[in-house]
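Let's take a relaxed look at a protein model, one spot at a time. Keep the 3D view open and follow along.

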Amino acid sequence: MTRLLTLLLLFFSITISAQLQSPSEFLGYEIGTQFSRHADVVRYFEHVAANSNMVTYQTYGKTNERRPLTYAVVSSMQNLANIETIRTDNLKNIGMLSGNASPTTTIVWLSYNVHGNEASSTEAAMQTLYTLITEKKDWLQNTVVIIDPCVNPDGRDRYANWYNQVKATPYNTAQDATEHNEPWPGGRPNHYLFDLNRDWAWATQVESRQRLKIYNQWMPHVHVDFHEQGINEPYYFAPAAEPYHEVISPWQRDFQTQIGKNHARYFDKEGWLFFTRERFDLLYPSYGDTYPTFMGAIGMTYEQAGHGMAGLGIETDEGYVLTLVDRVAHHTTTGLSTVEIASQNAAKLNTEFKKFFNNSDLLYKSYVLKGNPDKIKSLTDLLDKHEIQYGFASGGTVSGFNYSKNEKGNMDANGALVVSTNQPKGKMVKVLFEPDAKLSDPLTYDITAWSIPHAYGLETIASTTLVSSTGNAPTASALNSPAPGSAGYIAKWNSLQDAGFLAELLQEGIRVRFTEKDVSFAGNKFDKGSLIITRSDNRMHQDFDTKVTQIANAHQRALFASPTSFGDTNTDFGSPDVKLVNKQRIAVLKGNGTSSLSYGTLWHFFEQQLKYPITSIDTEDFPRIDLRKYDVIILPEGWYGRVFNESVMDDLKDWIRDGGKLIAMGRAVSTFEGKDGFDLKNNASEEEKEETEKGNLIPYDQRERESVKDFITGSIYRVTVDGSHPLAYGYGDTYFSLKQGNESYQFLESGYNVGYIKGDAVSVSGFSGADAKAGLKNSLVFGEARMGRGSIIYLVDDVLFRSFWENGKLFLVNAVFFVNNNAFTL
Ligand SMILES: [Zn+2]
């Protein structure tokens, strides 16, 4: 019986391996001699899964362009037969599932090609898969390897398809050749031009959201994010550079070094150059290395020389030819080496993983947040994506660190959202919510501040004692009924959800007003910015009442049906301070000269969040268009010197004088600095001017450290707000702004300074160099300059940055629909 079974099994495995093909056999070309299309990569993984009993392959979602997102689970046949137990035992080990388990199988997750044009890694994914199940089966006895062959298929195909179109045959190694110079925006980002390697924590993109679901099901012990850097760099692998976030455990640090040393053995044998411990740090939580690290894994970035410039082969500045074949070989080597060392330490990885999830040492036990219910709902939606638990306080006063005061304080906690650290993901809670991340070194690769309470604009206390809470959210459902006898409907203006309501009303042809005064009707008070939808404006709509209430209900907006248009104060529906909102025709610039990331956030914001149409116009076409077709033109962050030559600038000014509204975001603001009529001046401090006159006496080896004084690496500043200006409706008198650079402008002389830093700048979180901070004294953050009948709106800090600073977005909506609404066209 047993012999028969063995014979059968033997026969079975021979037939199977006879059918299994290597990537090169399957695709018909040697790996590294072509860029494979995503569909072909998926076909290869399907082929392997169909012909190996060590691989299962599944789809976990779809991209915006409908490409499949996939992952393979690779392990021994025995483990795969038992895979659900392995998976759940791992979750039990760390308290994410109830029950006891002491697992010894380790889980390694390899993520490839998050940046689409760092395209060697998906090729390496195929090679790694094949090698694992043919030559390296032994490692799979105690290891489960999860392979996501392409995190960003839309970006990768954008790159691969472009390259395949323009490449010479044979490939040309000259750096000037067209195949080495990608057109804007390049293949790095996803469809909406987001950098998916900055999106793990904020999960604004469909790829991240769907990936987090399976990530949470598996919770790997090791996670590798494969990347590429400039063509002249050697290979980079762990250990990472400082700063490390303080939640990172000694074991996580130590095992990074062990992994790095294992890779080094292979690289030394082949004579391949590499570097470690420099440049790529572990602080900002939204990367493919830090996010898994803060979820207990050994999270790492590996960087191969290559990137969108490299093609199939390119001559580097050092004079050798870097080929795709080499790049694939390096990434395959580190991938395999990672699995090897994980397999050698499988039991230890499990015990150390468990330890990471003990959060009893964390200083703050609970974060208690209060504010607009829509903002709370947006935040709980985010927490759900990370499977972070929360509850709501039933009452009592909490004391602790008060975020808006930036000192100790109290808050009435009744109904407040409570997020505590006594849960498996307590360390991630700390990272996301803590007032200020401890920084061991200001030279970091990314922003140093992201504190959720400020990003969501919520009153928050961090408490060192546990605040009790229950799972029940205070319910506030808005179900309105048509009120045909009313003079009209009034709705509050506080959140992005209110803005979404307005956007749909406008598109449905409903005429909407907003009030520039605080108003009261039939005893009900409404603040500036509230929407007033009058019956008299909408007489053309037979179904006015049902339509408005339906849209309001769909957006969960509470309407007040006012029996009269006669105000309790001096302001009636017909007041000149109750202004019609124009159905704005919006143009957004894109293309050369603009930041693709900034354009992408605008595109995504209007299309996916506000759901209001925009017309995207390429900067190359901009000089030819008829500006009068648009009411609003938005300039994403960018460098517009070349686009806005003298004649284009003159046209733009004429359009503004006629009533056009120009909105400049972030660095786009500098386009107008010192330009006639734009009321905008640089705010360089006296010391800075003196400094430049003195000449450079900084020692050569101090140059990097010295430059830090001018840096602001994403830091949160307190900004004073003029809440009476339409740009600030829905905000109070203070706003916490994420500053990413040291650009500083003087107060507008004749325009409106709506958000500004008065006196010395106050940073509440993140790193700012001393000089940069001093330069922000008395500076403009948000403002409106008038020109003729039109306006220029300066948003010096990018209110849409990576789309995660939720509390900034309403400024943009206000700028588009409310500011200077006198000049509208109908
Ligand atoms: Zn990258």
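What follows is a short tour of two helix pairs and two single residues in this predicted model.

## Helix 6 meets helix 11

Start with helix 6, which covers residues 120-134, and helix 11, which covers residues 324-344. How far apart are their axes, and at what angle do the two helices pack? The axes lie 8 Å apart, and the angle is about 50 degrees. Angles under 35 degrees would count as roughly parallel, and 65 to 115 degrees as roughly perpendicular. Helix 6 and helix 11 are therefore oblique to each other. Their crossing is right-handed.

So who does the touching? On the helix 6 side you'll find S120, S121, E123, A124, Q127, T128, T131 and L132. Helix 11 brings L324, R327, V328, H331, T332, L336 and V339. Sort the residues of this contact by class and you get six nonpolar, seven polar and two charged.

## Helix 6 meets helix 3

Helix 6 also has a contact with helix 3, made of residues 38-51. Here the axes come within 11 Å and cross at roughly 10 degrees. Because angles under 35 degrees count as roughly parallel, that label goes to helix 3 and helix 6.

From helix 3, the residues involved are V41, Y44, F45 and V48. They meet T122, A125, M126, L129, Y130 and I133 of helix 6. How does this contact divide by class? It has nine nonpolar residues, one polar and no charged ones.

## K809, a lysine in helix 23

Now jump along the chain to K809, which sits in helix 23 (residues 809-817). Is K809 buried or exposed? Its relative accessibility is 0%, so K809 counts as buried.

The side chain of K809 has a partner: a polar contact of 2.8 Å joins it to the side chain of E806. If you skip neighbours within four places in sequence, K809 is in contact with L496, F605, Q609, Y731, V799, L800 and S803.

## A393, an alanine in a loop

Last stop: A393, in the loop between strand 14 (391-392) and strand 15 (397-402). Being in a loop doesn't settle whether a residue is buried, so check the number: at 5% relative accessibility, A393 counts as buried.

What does A393 touch, not counting residues up to four places away in sequence? The list is A413, N414, G415, A416, V418, S468 and S469. You can also look for V368, which is 25 residues from A393 along the chain. The C-alpha atoms of these two residues are separated by 8.3 Å.

Note on methods:
Residues are numbered from 1 along each chain as its sequence is written. This is a predicted model: local features need pLDDT of at least 70, side-chain atom pairs count only at pLDDT 80 or more; totals for chains, interfaces and linings use all residues. Side-chain values use heavy atoms; hydrogens and water are left out. Axes are lines fitted to C-alpha atoms, for helices over the stretch in contact, and angles run from 0 to 180 degrees between N-to-C directions. Helices (H or I, at least four residues) and strands (E, at least two) are DSSP runs, numbered from the N terminus. Angles under 35 degrees count as roughly parallel, over 145 as roughly antiparallel, 65 to 115 as roughly perpendicular and the rest as oblique. A crossing is left-handed if the near helix is turned anticlockwise from the far one by less than a right angle, and right-handed if clockwise. Contact means heavy atoms within 4.5 Å. Ala, Val, Leu, Ile, Met, Phe, Trp, Tyr, Cys and Pro count as nonpolar, Asp, Glu, Lys and Arg as charged, and the others, Gly among them, as polar. Buried means under 20% relative accessible area, exposed over 50%, partly exposed in between (1.4 Å probe, protein chains only). A polar contact is a pair of N or O atoms within 3.5 Å; within protein, one must be able to donate a hydrogen and the other to accept it, and residues adjacent in sequence count only if both atoms are side-chain atoms.
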